[in-house]
Amino acid sequence: MASPQRGLRILPAEAALAPVLAPLHARCFDRPWDETAIARLLALPGAFGLLACGGADFQTPAGFVLGRVAGGEGEILTLCVDPAWRRAGVARALVRGAMKHAGRANAATLFLEVALSNLAAQALYGHLGFETVGRRPDYYRESDGRRDTALILRADIVPAPPDRYDARN
Ligand SMILES: CC(C)(COP(=O)(O)OP(=O)(O)OC[C@H]1O[C@@H](n2cnc3c(N)ncnc32)[C@H](O)[C@@H]1OP(=O)(O)O)[C@@H](O)C(=O)NCCC(=O)NCCS
């Protein structure tokens, strides 16, 4: 487990960083997104990414979030934290960063989907003010054939004054 005292830096993640993001995604998901998929996503209008880096000189990728803002609504498309960096506040900092980014892009709400079985992520989002507003049965299909319901979560975005993304916020 990483120590929050080690510090984090949160940087914008653009399509050129897909070779860094894809291996991280693969360490976190049963069905990871490859470099091409991530680069394509980040090239879409309104898409954004934030990468959390820690370690010496903040050179170690610890986790990232990808999202999109359109029509006054934001969406978190994926969020992952390297297993070696979990329970150190990395995801909390990334989701807060995504909320700030979406707010500055004039989104009033942020949506996301989370698997019913993913209790860790549900705890994280619950603490950050997300509420369940819908469900999609059999939405996820794992590589072993298991299926899972997707919960649709929503949070209001409180407009934030301009400042830098900061893991301590
Ligand atoms: C879910 C995930 C993103 C959490 O990342 P993280 O950096 O470890 O989360 P944080 O340290 O910011 O945790 C913030 C809070 O979320 C909750 N939480 C996080 N992980 C938890 C776990 N395994 N069990 C219970 N609660 C958890 C806790 O309330 C935690 O606060 P605390 O540590 O003060 O108790 C990470 O486990 C992950 O990448 N999982 C695989 C991919 C995934 O599920 N992505 C989300 C898809 S919607």
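User: Near means a residue has a heavy atom within 4 Å of the molecule or strand in question. Which residues come nearest to the ligand here?

Analyst: The ligand has 21 residues around it, and Leu79, Val81, Arg87, Gly89 and Asn118 come nearest. This is a predicted model: local features need pLDDT of at least 70 and side-chain atom pairs 80 or more, while totals for chains, interfaces and linings use all residues. Numbering starts from 1 along each chain as its sequence is written, and side-chain values use heavy atoms, without hydrogens or water.

User: What does Leu79 do with the ligand?

Analyst: A polar backbone atom of Leu79 sits 2.8 Å from a nitrogen atom of the ligand. Val81 also offers a polar backbone atom, 2.8 Å from an oxygen atom of the ligand. For Arg87, a backbone N or O atom is 2.8 Å from a ligand oxygen.

User: Next topic. How many residues are in the largest nonpolar core?

Analyst: It has 32 residues, and those with the most contacts inside it are Ile76, Leu79, Leu94, Val95, Tyr125 and Phe130. Such a core joins buried (under 20% relative accessible area, 1.4 Å probe) Ala, Val, Leu, Ile, Met, Phe, Trp, Tyr and Cys through side-chain atoms within 4.5 Å.

User: Which element gives the largest share of that core?

Analyst: Helix α3 (90-104) does, with eight residues. Others giving two or more include β4 (73-81), β5 (109-115) and α4 (119-127). Helices here are DSSP H or I runs of at least four residues, and strands are E runs of at least two.

User: What does Leu94 touch?

Analyst: Outside its neighbours within four places in sequence, its contacts (heavy atoms within 4.5 Å) include Ile10, Leu50, Phe64, Val65, Leu79 and Cys80. Another core, of 14 residues, lies apart from the largest one and includes Ala18, Ala22, Leu41 and Leu42.

User: And α4, which of its residues are buried?

Analyst: Ala121, Leu124 and Tyr125. They are on the same side of α4 because they cover an arc of only 90 degrees around the axis. Their cover includes β4, α3, β5 and β7.

User: What's on the face turned away?

Analyst: Leu119 and His127 are there, both exposed, meaning over 50%. Gly129 follows α4 and has a positive phi, near 95 degrees.

User: Last one. How do β6 and β7 pair?

Analyst: They are antiparallel, with seven bridges; pairing takes at least two in DSSP. Arg141 stands opposite Arg147 in β7. The two strands form a hairpin with five residues between them, and Gly145 in the turn has a positive phi of about 95 degrees.

Note on methods
Arc of directions from axis to C-beta. Polar contact = N/O pair within 3.5 Å; in protein donor to acceptor, adjacent residues only side chain to side chain.
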